[in-house]
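Colleague: I am new to this structure and should be grateful for a guided discussion of it. May we proceed by question and answer?

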Amino acid sequence: MAEKNIVIVGAGFAGVYATKRLAKHFKKDKDVTITLIDRHSYFTYMTELHEVAADRVPEDAIQYDLQRLFARRKNVKLVTDTVTTIDREKKLVKTKHGAYPYDYVMLGIGSQPNDFGTPGVKEHGFVLGSWEEAIALKKHIQDVVRRGAEEHDPDKRKALLSLVVVGSGFTGTETIGELRDWRDVLAKENKLDPSEISFTLMEMAPTIMNMLDRSDANKAERYLTKKGVKVMKNTGVVGVHEDHVDLKDGSTFPTATLIWTAGVKATDQAANFGLAQARAGRIVVNSHMESQEDPNVYVVGDVSFYGGNSDRGEPQIVQGAEASAKTALLNIENKMAGKPGNVDYKASYSGFMVSLGSRYGVANLMGIFHLSGFFAMLMKHLVNMLYFLQNYSGYYFFQYLMHEFFRTRNDRNLMRGHVSRQGNVLWAVPSRIFLGLMWLVDCAGKVSGKESWFLDKLRLPFDWLQPATTSGASAAGADATSAASGAATAAKTAAPAAKAVFSLSYQYGKEPMMVFDKMPNWMYTITKAMIPNQDVAFFMQKTMTVIEILIGLALVAGLFTWLCGATSVMFTAIFCLSGMFYWVNIWMIPMAIAVMNGSGRSFGLDKWVVPFLQKTFGKWWYGKPRALYGSDAAK
Ligand SMILES: Cc1cc2nc3c(=O)[nH]c(=O)nc-3n(C[C@H](O)[C@H](O)[C@H](O)COP(=O)(O)OP(=O)(O)OC[C@H]3O[C@@H](n4cnc5c(N)ncnc54)[C@H](O)[C@@H]3O)c2cc1C
């Protein structure tokens, strides 16, 4: 194939989806280059912007570095630059700092908040359409609440401590829910009575959350109201000022924080491409996601307008963005393979999930299952986690778990803080060293004296390995040489072996109880397959002893503690199942789990070794980190 360039503009949900799949599809095709251009070097997980704005997760929790997302995709070229226009004659995508030739281009530059020209929104209001806007809002709220706590004039104090969201779509409801979740932390930090901070959701329509099934919306409304959120329906905001807003009915409402989420429109730059635009500036496409003007220019995601199913266009949501990207990429693949590019857009919306803070949400799955509370939130997390797996990013899957479950502050997660309590790893150091010493004590008897596991005395107690079976088998039907060697082995193993158990027994004249006296059948089958004969058994008993010694030494030194803890758990479980472990030693399992908390970083070598390995392997696998912004820092 002659050299082909596919240029994807915008690394949002649509652009990332398309780039991942095209890169995979053309993996073996050296002539195809996929160039992904975005004005940032990261992908913003837009659907969780409110979590940053309300300080539930750290700022970088929703910012996924493109270089990490596309690590080792050799056919993907990343460009950090702002696209200004497309020269369709010369087939060039033009950016502020360069130009990129294309055979096919996919435009997915997203949307931005739409204030419909309402006076004062730009000057005094806040919107939530980008990472920067989420941070600006967070900083404003922190500032305004601090000022409110210090304000003595009751009217000014009220306005400063009143947070208002306009619009009850996904963004508005999730934002007000999340802000309410933040209330107690804000109050505590500023020594305020929490009830002084007020939350109001204003909606022009007579009902709220109109994108949801009515019963789900009612549940969400009841929850918000129960939490003290004031829901004002039939309320239009017509002007925004520094300390109040004007309402359509002529009244005013005091607030220094107006968050406008009452509409979206196509990103302003959509007007620069010479392509027909429809409602809210969205670019018109046909069912193949091709622009009206040029079949080689595809438009996907929030910025595209496909009017085939509804004269309002497809909903501007993630599922729509990915479905349109899929249509476009399949058509591009077909065209490049010389087939007609006639895959049609198929709307498939498998459900909606709306979070109202960290612990409550409502969800509608496939229009059939309606969930609320814990299970709705769990579903939302699962869908988010699935996103990373679908995009082949184990790294961000792990980061998501950390940010949403294990490293959240102030108990603001689904598990109400039970899985995120942070403690000083110093307290786990004695346990780590003790556990390491126990492994070494166990091994002390295995490496010295008559009972050493390194002598040719079989120590594994499994019946199929025992001398009677072995010598019989060896003698039967073997030639003279093998019979002789069989006899020798039998002679060696005939001496009664000491019982093979983990040596700590606390024995005072009585044998402690085994966890399992006899192996469960499934374990028997697996072990027999893995250790079929005495030769393997001798090898295994020596190898296991060496590994135990290494684990013991490493735990004492605090080296690779997580790995050693996990291996300790695994070994202990195997010993239990093999009928080789006393109940009195079962503490090793919870203790091994406990020391996996990074205890090697306190008075241990992990303090230096782990960061060194993370840095070295990170650089090797993902490349050198790139600046957040900047002109073409392409790899
Ligand atoms: C706060 C919030 C909550 C939401 N909640 C939900 C939800 O719960 N469920 C749901 O399904 N949807 C939700 N949405 C909507 C969802 O985020 C969008 O539908 C989705 O992001 C659209 O994807 P996209 O790829 O079209 O655009 P985006 O994800 O917005 O990506 C566009 C990309 O284009 C880049 N770009 C723009 N202009 C240029 C340029 N000129 N040059 C280079 N790059 C450019 C941007 O930097 C950005 O990376 C929410 C949106 C917001 C803002």
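Modeller: Helices (H or I, at least four residues) and strands (E, at least two) are DSSP runs, numbered from the N terminus. This is a predicted model, in which local features need pLDDT of at least 70 and side-chain atom pairs count only at pLDDT 80 or more, while totals for chains, interfaces and linings use all residues. Residues are numbered from 1 along each chain as its sequence is written, and side-chain values use heavy atoms, with hydrogens and water left out.

Colleague: In which helix does His381 lie?

Modeller: Buried means under 20% relative accessible area, exposed over 50%, and partly exposed in between (1.4 Å probe, protein chains only). His381 has a relative accessible area of 3% and is therefore buried. Contact means heavy atoms within 4.5 Å; not counting residues up to four places away in sequence, His381 touches Tyr400, Glu404, Phe405 and Leu414. The helix that holds His381, residues 374-390, is helix 10.

Colleague: Which residues of the largest nonpolar core touch the most other members?

Modeller: A nonpolar core is a set of buried Ala, Val, Leu, Ile, Met, Phe, Trp, Tyr and Cys residues joined through side-chain atoms within 4.5 Å. The largest such core has 110 residues, and those touching the most other members are Ile6, Phe43, Leu66, Val93, Met106, Leu107 and Leu179. This core draws at least three residues from each of two domains, whose bounds come from an automatic or database domain assignment: domain 1 (4-114 + 266-354) and domain 2 (121-262).

Colleague: How many residues are in the other core, the one that includes Leu504?

Modeller: That core lies apart from the largest one. Phe571, Met588 and Met591 are among its members, and its residues number 19.

Colleague: With which residues is Leu107 in contact, leaving aside its neighbours within four places in sequence?

Modeller: Leu107 is one of the residues that touch the most other members of the largest core. With sequence neighbours within four places set aside, its contacts are Val9, Ile86, Phe273, Leu275, Ile283, Tyr298, Val299, Val300 and Val303.

Colleague: Along strand 16, which side chains are buried?

Modeller: In a regular strand the side chains alternate between the two faces of the sheet. Strand 16 (residues 244-247) shows this alternation: His244 and Asp246 point to one face and are not buried. Those that point to the other face and are buried are Val245 and Leu247.

Colleague: Which residue of strand 17 is the bridge partner of His244?

Modeller: Two strands pair if DSSP finds at least two bridges between them. Strand 16 pairs with strand 15 (residues 237-240) in the antiparallel sense over three bridges, and Asp246 is the bridge partner of Gly239. Strand 16 also pairs with strand 17 (residues 252-254), again antiparallel and over three bridges. In strand 17, the partner of His244 is Pro254.

Colleague: In what sense do strand 12 and strand 13 pair?

Modeller: Strand 13 (residues 198-202) is mostly covered, with four of its five residues buried. Ser162 stands opposite Ser198 in strand 13. Strand 12 (residues 162-166) and strand 13 are joined over five bridges, and the sense is parallel.

Colleague: How far is an oxygen atom of the ligand from a polar backbone atom of Asp302?

Modeller: A residue is near a molecule if one of its heavy atoms lies within 4 Å of it; of the 29 residues around the ligand, Ala14, Asp38, Val83, Asp302 and Val318 come nearest. A polar contact to the ligand is a pair of N or O atoms within 3.5 Å. A backbone N or O atom of Phe13 lies 3.1 Å from a ligand oxygen atom, and a side-chain N or O atom of Arg39 is 3.1 Å from an oxygen atom of the ligand. For the polar backbone atom of Asp302, the distance is 2.8 Å.

Colleague: Near what value is the phi of Lys91?

Modeller: Most residues other than glycine have a negative phi, and most peptide bonds are trans. Lys91 lies in the loop between strand 6 (83-87) and strand 7 (92-95), and counts as partly exposed because its relative accessibility is 27%. Its phi is positive, near 55°.

Colleague: How far apart in space are Gly301 and Gly110, C-alpha to C-alpha?

Modeller: Gly301 lies in the loop between strand 21 (297-299) and strand 22 (304-305). Gly301 counts as buried because its relative accessibility is 12%. Gly301 and Gly110 are 191 residues apart in sequence, and in space their C-alpha atoms are apart by 6.3 Å.

Methods. Polar contact = N/O pair within 3.5 Å; in protein donor to acceptor, adjacent residues only side chain to side chain.
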